[in-house]
Amino acid sequence: MNRFILAATASILLAGTAATAQVSEADLADDQALTAQITTNGMGRHLQRYSPLETLNKDNVKFLQAAWAFSFGGEKQRGQEAQPLIYDGVMYITGSYSRIYAIDLMTGKELWQYDARLPEGILPCCDVVNRGAAIYGDMVIFGTLDARIVALNKDTGDVVWRDKIADYKAGYSYTAAPLIVDGLVITGNSGGEFGVIGSVQARNVENGDLVWERPVIEGHMGMLNGEPSTMTGTLNATWPGDMWKNGGGATWLGGSYDERTDTLIFGAGNPAPWNSHLRGAGTPSEDGMGDNLYAASRIGIDPKTGEIKWHFQTTPREGWDYDGVNEVVAFDGADGEPLLATADRNGFFYVLNAEDGSFVNGYPFVKDITWAEGLDENGRPIYVEDNRPGDPAAAADGKKGEVVFSAPGFLGGKNWMPMAYSQKTSLFYVPSNEWGMDIWNEPITYKKGAAYLGSGFTIKPNYEDHIGSLKAIDPATGEWKWEYKNNAPLWSGVMTTAGGLVFFGTPEGEFIALDDETGEVLWKFQTGSGIVGQPVTWEMEGEQYVSIASGWGGAVPLWGGEVAKKVNYLNQGGTVWTFKLPKQLASMK
């Protein structure tokens, strides 16, 4: 009798545990291997966006079919750039205008939604997008366009805690998915076009209390446990005068975590203002003045203290808005050496040493680069000085510097849209765009809450037959194994699988699966609006599922110049599409 009571009690306790499942640090660390869930942005904190699932493969992907679709509703459509999270039978996905939804995985039915109710006067640079959430314990956590972070109960949507990242009235905002490591929720910030200061913040995930903050522009003080810690860099080592005080470097894409070296890796955006002559970057300098550290850089940070361990600056003397935030992916080289890879807006693909961030190799990943001849042995650009936008102070009217044509355009050889790395092929699948720009400099002074550019520009396509280009790149050699060309710019994330598939979407609304070895189109589905979201895949009850958010928007319609006109016919939207391979079709060819 006692044994029965004990067994029954144990069964009740186990049932209760299952009903209130909580996400642990181990779940986050093992996210890539735990194929029934996706608890991190990037399908692993290394951001490989690779799934070991192979139920869905090259032979049967043609049988992939729609399971359900969920509308974000209302008139708040615009760009839908989020990556879904999958946990315990629920999808958590953010939408434009700082909304988040919990959706039943089996039926597509809404369980709850939360609307941040943004204030008047927000200053988003590049549409009202949100790129996703984080999940930990019994909370789902996301940031809002008014530069706040909110933790919600994942089962009810009720607010657990919230905090202010920065002052939205000064131009700060937030669009990235938070990163959680060892009980800390880690965020960057947005707003580089408003003369903000890029920084990385770490909070106690349980209550939102700020633990440390690391500004990424030299001269600014860090904070640890409520006290000043160390200055970033050395004051005025690479910034002239007081320009560092509004030096930009927004950390707007969020970061990755390399568990091999216990390092957070964040990108720091463009220096402010864009007019490089005002920052001492217009002419070469042997002492580093004008490099404007640590803008346009990748930065390795100690997750416990916020101290900078290393940095690698992709575009010193930046003058084209070649923002340095693009994601850094941790991977192992052919001999097992720990490496990092990043595809920069400036058109170069970099491989770095994971231990110290030092340069290993680098290659162009777009066809046309006019601002630099290449990279030297340390990865520093070899500049074409004649292709730097001119100094307006040297112009006859003092109002407009010499106009130059630069490629890539300021929206980048690759912008925010994440690439994927396959452990099966050892290739990176890089969404890129082939475009350039006319660009010129103008006088500018800083004013709180106002745009702080000092440049004008017009984006232009480089080729008549395509702008978008998805490339399969060998990181050891820089060789392009294949290229998929698309008429409109590519702006969606990429995912690859052990089943030999590469998934991505197009602004024309096509959700596409390619052969990872050849680039051949194996399957596609028209979603009804342009895709700028990030695909994911998981398994449930023996079947493999794939999801993507569809909804045209982002930076291209707002900043794209002649390119924006080329795609102005595209419809907005706001729908999560979920597909599955039915069991009975999995073995068919």
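**Close-up 1. Ala-420 meets its bridge partner, Tyr-429, in β29.** In this predicted model, strand β28 covers residues 420-421 and strand β29 covers residues 428-433. The two strands pair in the antiparallel sense, and 2 bridges hold the pairing. Stepping back from this pair, we find an open sheet of 4 strands with antiparallel pairing, in the order β28-β29-β32-β33. At its edges stand β28 and β33 (480-486), each of which pairs on one side only.

**Close-up 2. Tyr-50 pairs with Thr-496 where β1 runs beside β34.** Here the two strands are parallel, with 2 bridges joining β1 to β34, the strand of residues 495-497. Both belong to an open sheet of 5 strands, ordered β1-β34-β35-β36-β37, and the pairing in this sheet is mixed. Why is one side of β1 and of β37 left without a neighbour in the sheet? Because β1 (50-51) and β37 (521-526) are the edge strands, each has a single partner strand, and so its other side has no neighbour in the sheet.

**Close-up 3. Ser-529 sits in the loop that follows β37.** This view picks up at the edge strand β37, residues 521-526, and moves into the loop that leads to β38 (536-540), where Ser-529 lies. Is Ser-529 buried or exposed? With a relative accessibility of 6%, Ser-529 counts as buried. Look for its side chain, which reaches the backbone oxygen of Asn-571 at 2.6 Å.

**Close-up 4. Cys-125 and Cys-126 are joined by a disulfide.** The S to S distance is 2.0 Å. How many disulfides does a search of the whole structure find? The search gives 1, and the view shows the cysteines it joins, Cys-125 and Cys-126. As for their surroundings, Cys-125 is partly exposed at a relative accessible area of 24%. Cys-126 is likewise partly exposed, with 24% relative accessibility.

**Close-up 5. A nonpolar patch on the surface is formed by Met-221, Met-231 and Leu-235.** Together these residues have about 250 Å² of accessible area. Where should you look for Leu-235? You will find Leu-235 in the loop between β16 (227-231) and β17 (255-258). Leu-235 is partly exposed, its relative accessible area being 37%.

Terms used: Residues are numbered from 1 along each chain as its sequence is written. This is a predicted model: local features need pLDDT of at least 70, side-chain atom pairs count only at pLDDT 80 or more; totals for chains, interfaces and linings use all residues. Side-chain values use heavy atoms; hydrogens and water are left out. Two strands pair if DSSP finds at least two bridges between them. A disulfide is a pair of cysteine sulfur atoms within 2.5 Å. Buried means under 20% relative accessible area, exposed over 50%, partly exposed in between (1.4 Å probe, protein chains only). Patches are made of residues with over 30% relative accessible area and no salt bridge: like charges are joined within 9 Å, nonpolar side chains (Val, Leu, Ile, Met, Phe, Trp, Tyr) within 5 Å. Accessible areas come from the Shrake-Rupley method with a 1.4 Å probe; for residues, only the protein chains shown count as cover. A salt bridge is a side-chain nitrogen of Lys or Arg within 4 Å of a carboxyl oxygen of Asp or Glu. A polar contact is a pair of N or O atoms within 3.5 Å; within protein, one must be able to donate a hydrogen and the other to accept it, and residues adjacent in sequence count only if both atoms are side-chain atoms.
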